[in-house]
Amino acid sequence: MDTYPEWYGKYFPTLAVCESDHFYGYMQSPGGKIKAVVSADPIASWSLDYNMGYQDKDQDNRWFYGHRIECLNLDMLCQGPLPEHHPHLWQLAPGEEREWKVKIIDIDNLDAFEPTVYRHTGAPAISMPATSCNPGDSLDIMVWGSAPVMTINGKKLGLKKADTSLWRGTFRAAEPGIKNIVVTDGARQAHGTVAVRHPWRQTMQLARDAVSRYKQKPTSHVESWYGFHTAFDAARILPDPAQDSLLNRRFNLILDKVFDRQTGQPYQWQWRIQNVSSTIGMLADRYLAFGDSADLDLGERMARCFMSFQKPDGAYLTGKTDYTSVIYPAKSLLEFADAERIADRNEQADSLEQSVKRAIEHLVNANGDLQTEGQITYEDGMVSCSALQIGAYALHCKNDADRRRYTEAMLKLLDGHDSLTQLRVPDGRRRGGTLRFWESQYDVFMLPNIISSPHGWSAWRAYATYYAYLLTGDERWLRETFDAASAFAALIDHQTGNLNWAYVVDPYVRATQVCEPDSNHTPDDATYGNPHPELYPNRKFVVGEQYVPMIADWQTIVSSDNDVHECFKFIAEAVLCNAFIVERVDGSIATYNCTLQKDGDTLNIKANEPQITTLYSNLRTPYKLHFDGVIKPVRDPDFYIYLCLGQSNMEGNAPIEPIDRENVSNRFQLMPAVDFPSLSRTKGQWCKAVPPLVHEAAGLSPIDYFGRTMVANLPENVRIGVVPVAVGGANILHLDKDFDPTSIADYPDWYKNLMARYDNTPYKRLVECAREAQQYGVIKGIIFHQGESNDGDPHWPEMVKKLYEDLLHDLSLDAAQVPLLAGEVVSTAEDGACGSMNNIIDRLPETIPTAHVISSANLPHKGDRLHFTTRSYRILGCRYATTLLPILGIHNPLPAYTD
């Protein structure tokens with residue numbers, strides 16, 4: 001596990017569970033290979049062997065542990081004590097023999113894991129798509145078995161057969177807390193838990209209380225004062241003036257102890273750059289909470305200090321080690337830049353964002369060949385921290401091609417990181433936690449190594465899954481985000497307010513931990529280094545499948561257990577104030593942090609908590625939404641949007657027949673650029689694309705059968721959206737960005753009325769609506785039909801080129817990703833009045849390499865020699881689509897209309 005790229009083929013012990021009568025688990029490689037490990041025989045316990053890390057010459061050459069796993073051990077016998085559900089096997093009688101059969105089975109994907117466990121052990125296997133929910137919600141729990149019986153907190157839950165060996169139960173949550181699942185099938189049992197969430201508001205308030213209770217200390221490690229992220233996020237969202245004032249004073253004490261405010265540099269351990277970058281993030285949080293520009297002034301000085309550690313290739317270095325993926329410095333700078341923009345300090349924000357861009361490019365170009373803060377290995381924080389920073393930057397990108405590139409790089413890292421994440425464990429305390437193989441020796445002064453999951457740095461993957469949802473709209477990432485957030489919230493005892501550092505996954509570890517504070521210091525003293533636990537009074541005990549309490553409430557010197565506040569910083573960003581609705585392919589709508597009532601084509605959304613003021617909607621059907629707050633769309637990369645621009649033939653100038661209004665797919669949607677009062681359509685709001693499409697007096701347009709053909713040939717998950725602007729009789733100059741409306745003062749009233757629909761600036765209206773549409777999907781092309789009013793103009797291609805390039809620039813589009821499709825006018829062969837213009841239109845690809853010309857051959861006019869017939873519009877629209885679809889990889893597409 002210490003060589004790139006070989007580590008992609010190594011297997012990690014991703015999951016291991018001992019039940020009273022069987023064992024199950026799996027090993028997964030970052031490259032995606034999976035081996036189930038099962039035994040129908042009871043195995044007492046399991047353990048891991050680690051490498052030794054390094055000796056500290058300043059501490060009697062004592063060893064600190066490393067973070068490479070050398071081996072997964074199945075401990076057939078173990079004296080214990082062990083968790084209750086383990087078999088208690090610890091000795092054999094004289095002369096006794098015992099045999100265990102362990103199977104290692106290749107499986108294609110994780111969905112095959114639970115049926116594999118059941119098939120090879122005969123024991124019930126619990127399969128949970130999600131392990132958390134709100135009170136009042138229902139949660140599906142699946143069980144593979146022959147005749148399983150399930151109880152939750154001792155109460156029987158009915159199971160119904162869903163398939164030959166698959167059963168389904170629906171748990172309806174009541175009061176918050178961790179609920180214990182027991183499934184019995186014959187003589188065998190399996191266990192799990194559901195996390196029923198306490199209100200996020202209560203979790204955040206308790207987390208802020210913990211910032212005071214568990215001391216934030218001035219030390220060599222920012223993890224010792226990490227709680228100020230929680231403090232300032234809570235102050236912004238859930239203000240408590242007395243407590244906020246107390247914590248502000250504490251933060252000022254730490255700033256004065258650790259940093260030179262005049263230069264922004266740390267007094268000591270200047271190489272530990274994450275102390276600087278993370279504190280910059282805290283200053284951004286404090287500015288947003290209290291609005292004191294002095295925090296921005298100090299943050300700018302610290303940022304200049306921090307960016308001096310950046311190499312030309314974009315990496316942030318500590319000494320000679322790449323620390324770009326240690327406590328996400330690029331994300332912290334982005335957060336600070338966002339605060340700068342709120343304060344109208346755009347020049348300073350630009351400087352920070354330029355540094356961030358270089359750092360992100362470095363992470364993308366590394367392609368997984370990343371260093372860690374310790375020994376080289378494929379390590380949890382390295383991967384998740386890289387993924388989240390790339391995702392955060394992708395969300396800031398306006399350019400679609402850049403956003404896609406960064407999103408793909410993030411998803412590639414997340415795919416590999418699945419091997420270090422608890423994605424199949426049926427335990428709400430752990431689901432979504434990442435496997436942290438070390439840090440206990442520094443954070444809570446405990447030896448030897450253990451797997452802590454969730455741990456503070458588990459939030460790094462959760463940020464990445466949250467960003468992945470906002471970037472892709474894939475509900476998988478939202479489920480993972482909420483399960484992880486629920487596991488993080490369970491680190492607090494909501495009855496007592498006690499906070500735990502992490503949950504230990506290992507079932508049996510003989511631990512040594514410091515048990516008395518350092519009597520030479522107070523929590524106000526600046527302390528440095530990593531004190532070795534064996535140099536202090538300590539206690540020895542067994543830890544296994546349990547929470548480890550914090551020590552910052554009594555330990556006076558540097559400890560890093562306050563890194564748990566990363567979890568609450570994440571909760572504040574992702575779930576504290578946000579609700580989500582997701583329309584699934586089957587038409588059902590999933591809700592997160594809200595409830596929904598459907599009234600015809602209207603969805604009435606109510607937030608679960610008062611501070612939830614933003615709704616992220618991810619809908620396939622153009623519902624109307626009622627929500628008391630801000631509604632933000634989730635950008636769906638499978639929602640392909642096409643801008644449609646032109647004159648009367650783009651408007652549609654032939655009658656709409658009944659067939660044209662029938663069987664229009666919900667996957668074909670329209671964003672009107674004008675209001676349609678008689679059809680109850682509103683400018684800038686998606687609706688089903690039933691004609692007319694351009695304005696309510698328009699006829700059938702080529703857009704209609706363009707969209708129909710697109711959805712008929714593309715996969716079911718892909719939707720098509722169109723944004724049309726068209727003005728009958730418009731010269732191309734009137735569609736241009738630099739058009740002067742006063743130039744048409746002497747034009748006829750009928751024409752001025754057409755222009756007035758778009759406030760006399762069609763280009764501006766198209767860009768306005770296109771920017772709105774970009775919030776929902778991805779602009780994939782521009783459909784253009786104009787030329788009659790420029791008949792014979794040899795400069796027409798250059799004017800089209802300017803129009804096209806202006807749209808690309810103003811919408812941050814990439815020509816290679818956004819082709820231009822231009823249609824011919826009624827041809828000379830069909831007695832078109834402007835048929836000779838096709839000779840000029842046909843040469844458009846010579847001027848615009850990404851242009852494609854759509855033939856009007858054999859398409860007659862309706863009698864005026866300018867406008868096509870209804871049938872011609874249908875065929876022309878199909879031709880637009882069948883020209884475009886091969887560019888999207890759909891070969892031999894079928895038109896949606898034929899005679």
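Here is a friendly conversation about a predicted model.

Modeller: Because this is a predicted model, local features need pLDDT of at least 70 and side-chain atom pairs count only at pLDDT 80 or more, while totals for chains, interfaces and linings use all residues. Residues are numbered from 1 along each chain as its sequence is written, and side-chain values use heavy atoms, leaving out hydrogens and water.

Biologist: Is His494 buried or exposed?

Modeller: Start with its place: His494 sits in the loop between helix 13 (475-489) and strand 19 (500-504); helices (H or I, at least four residues) and strands (E, at least two) are DSSP runs, numbered from the N terminus. Buried means under 20% relative accessible area, exposed over 50%, and partly exposed in between (1.4 Å probe, protein chains only). His494 has 10% relative accessibility, so it counts as buried.

Biologist: With which side chain does the side chain of His494 make a polar contact?

Modeller: A polar contact is a pair of N or O atoms within 3.5 Å; within protein, one must be able to donate a hydrogen and the other to accept it, and residues adjacent in sequence count only if both atoms are side-chain atoms. The side chain of His494 reaches the backbone oxygen of Ile492 at 3.0 Å. The side-chain partner, at 2.8 Å, is Thr203.

Biologist: Which helix gives the most to the largest nonpolar core?

Modeller: A nonpolar core is a set of buried Ala, Val, Leu, Ile, Met, Phe, Trp, Tyr and Cys residues joined through side-chain atoms within 4.5 Å. The largest one has 145 residues, and Phe228 and Leu333 are among those that touch the most other members. Eleven residues come from the top contributor, helix 12 (residues 458-472).

Biologist: In the open sheet of four strands, which are the edge strands?

Modeller: In general, strands of a sheet pair through backbone hydrogen bonds, either parallel or antiparallel. Here the order is 1-2-3-6, with antiparallel pairing; two strands pair if DSSP finds at least two bridges between them. Pairing on one side only marks the edges: strand 1 (12-18) and strand 6 (103-107).

Biologist: What is the bridge partner of Ile34 in strand 6?

Modeller: Strand 3 (residues 34-39) and strand 6 run antiparallel, joined by five bridges. In strand 6, Ile34 is partnered by Ile107.

Biologist: How many Å separate the C-alpha atoms of Ile126 and Ser384?

Modeller: Ile126 belongs to strand 7 (residues 125-127), and at 6% relative accessibility it counts as buried. Along the chain, Ile126 and Ser384 are 258 residues apart. Their C-alpha atoms are separated by 27 Å.
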